[in-house]
Amino acid sequence: MTTNIELNSVFNGLKPSSTLYINETVNKLWQQGEQVFHMGFGESRFNVEDHLQQDLGTHADKKSYLPARGLPELTEAVARYYSDKLEHEFSASQVIIGPGSKSLIYGLQMILAADVFLPTPSWVSYGPQATLLGNQHFYIPSTVASNYQLDIAQLDKLVQASTNPNKLLVINSPNNPTGQMLNTDFLQQLADYCRANNVLVLSDEIYFQVSSGAVDHVSIAKFYPEGTFVLGGLSKHFSIGGWRVGVALLPDSEFGEELMTKMVTFASETWSGVSAPIQYAAIRAYSLEPEIEKYVADCRAIHGIRSRYIREALVDLGIHCTRAEGAFYITVNFDGFAEGLKTKGVSSSPELAAYLLDQYRIASLPGADFGIPAQTLSLRLSTSYLDMENSDDSQRIFDLYKSGVSSKEFMSSDHHPVIHQALEAFTDCVNSLTNKV
């Protein structure tokens with residue numbers, strides 16, 4: 001049957017989220033019995049902490065709708081938690097709970113109707129969300145040589161060219177896709193710039209509890225509280241992305257109150273309220289209880305050991321890698337192998353990602369999906385999946401770390417065979433590009 005219905009043209013230039021797409025692709029290949037080194041999807045793989053599992057079961061009878069802004073006990077717990085962790089005072093009135101931080105980011109972009117400025121590279125969904133809403137978004141130029149450092153002078157060029165009175169900078173530290181973090185001095189400078197130029201800041205701090213310790217996590221809200229929206233959630237440091245618990249903390253001001261009113265309206269007309277049992281269980285996650293905090297610290301340490309090991313091995317192969325300071329990502333660059341890749345028909349990051357998957361069964365994401373120019377041969381690699389493809393292996397890795405083995409023994413091929421196989425695949429790839437085979 002044919003119709004004359006015309007679908008919204010805003011979707012014509014968009015495709016499903018590349019992070020979700022690569023995960024579905026890898027799972028299909030696994031179901032077909034193929035070996036794939038899954039470095040394309042950033043999901044923390046540890047099993048759900050015991051107390052959270054118990055609390056979810058305990059509150060399975062909670063079946064009524066909760067307030068659109070969130071369970072009051074949970075918003076209070078979130079405010080206490082972030083006040084403690086970020087060393088900046090928040091109140092429950094500043095907190096709204098959403099089904100993942102992605103929905104909250106979308107709501108803020110809708111309400112602000114701002115020109116959006118994105119560091120290069122940036123998470124794959126910031127830009128498409130702006131497009132869906134009809135908002136302009138601009139990538140702030142950066143270079144591989146600078147490790148994609150955010151340049152305030154480059155930001156200023158875009159800000160000054162913008163004719164929209166509403167301007168929104170999105171920052172993400174620890175960063176997806178680079179794994180790097182913004183330091184205190186830079187955040188102070190950035191805050192001063194944004195205040196002077198009336199630029200609002202959406203600070204996506206979803207990974208702030210997943211850092212290696214090389215750089216202290218500091219929120220720009222500490223320096224620019226009146227113009228910063230802090231976004232977070234439980235998916236990364238508690239390995240419960242599927243629970244879909246996100247939080248936003250808005251400024252403590254009349255502007256923040258007005259924005260909260262509109263965010264609650266948005267919530268009430270879209271998701272109504274986050275799942276009641278999950279909100280009740282999430283109270284424990286934000287409780288600051290020592291046993292819960294130890295679990296998070298152990299997971300954080302394991303992510304750091306694995307990411308640093310993989311990065312160092314890739315650097316030894318001559319592959320340019322960003323610093324492994326937080327989250328569980330590394331952005332790698334193959335420009336140094338451009339001539340060899342040309343002989344393979346590869347001249348862009350999408351072609352490079354396809355080549356690695358086809359020839360070496362390495363799943364990755366092209367830098368182009370994160371705003372890096374396609375001709376730059378950069379990829380995002382996730383370090384969280386290898387050797388933790390299932391619950392049993394995740395528990396094995398966690399228990400091994402808790403046993404107190406050295407980092408060298410922990411990362412041995414006996415305990416991390418898939419990581420070593422993946423690194424062998426990278427070695428074979430590099431050798432083929434430098435005529436060493």
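**Figure 1. Strands β3 and β4 of the predicted model pair in parallel.** Strand β3 (residues 115–119) is joined to β4 by 4 bridges. Two strands count as paired if DSSP finds at least two bridges between them. Strands are DSSP runs of E with at least two residues, helices are runs of H or I with at least four residues, and both are numbered from the N terminus. Pro 119 has Ile 140 in β4 as its bridge partner. The model is predicted, with local features requiring pLDDT of at least 70 and side-chain atom pairs counting only at pLDDT 80 or more, whereas totals for chains, interfaces and linings use all residues. Residues are numbered from 1 along each chain as its sequence is written, and side-chain values use heavy atoms, with hydrogens and water left out.

**Figure 2. An open sheet of 7 strands has mixed pairing.** The strand order is β2-β8-β7-β6-β5-β3-β4. Because β2 (95–98) and β4 (137–140) stand at the edges with a single partner strand each, one side of each has no neighbour in the sheet. On average, neighbouring strands are turned by 20 degrees against each other, direction ignored. Helix α3 (residues 72–86) packs on this sheet and touches β2, β7 (228–233) and β8 (246–249); contact means heavy atoms within 4.5 Å. The direction of α3 makes about 110 degrees with that of β2. Axes are lines fitted to C-alpha atoms, for helices over the stretch in contact, and angles run from 0 to 180 degrees between N-to-C directions.

**Figure 3. Strand β6 is mostly covered and pairs with β5.** In β6 (residues 200–204), 5 of its 5 residues are buried. Buried means under 20% relative accessible area, exposed over 50%, and partly exposed in between (1.4 Å probe, protein chains only). Leu 200, Leu 202 and Asp 204 point one way from the strand, while Val 201 and Ser 203 point the other way. β5 and β6 run parallel and are joined by 5 bridges, with Leu 168 opposite Leu 200.

**Figure 4. Loop residues Asn 164 and Asn 147 are both buried.** Asn 164 lies in the loop between α6 (152–161) and β5 (167–172), with a relative accessible area of 18%. Leaving aside residues up to four places away in sequence, Asn 164 touches Ala 113, Ala 114 and Asp 115. Asn 147 belongs to the loop between β4 and α6 and has 14% relative accessibility. The phi of Asn 147 is near 60 degrees, a positive value in a residue other than glycine.

**Figure 5. Two proline peptide bonds are cis.** The bond from Thr 120 to Pro 121 has omega near 0 degrees, and Pro 121 lies in the loop between β3 and α5 (126–133). The bond from Ser 173 to Pro 174 has omega near -5 degrees; Pro 174 is in the loop between β5 and α7 (184–196).

**Figure 6. Helices α10 and α13 pack roughly perpendicular to each other.** The axes of α10 (residues 290–316) and α13 (residues 391–402) are 11 Å apart, at an angle of about 100 degrees. Angles of 65 to 115 degrees count as roughly perpendicular, under 35 as roughly parallel, over 145 as roughly antiparallel, and the rest as oblique. Among the residues in contact are Tyr 295 and Ile 302 of α10, and Phe 398 and Tyr 401 of α13.
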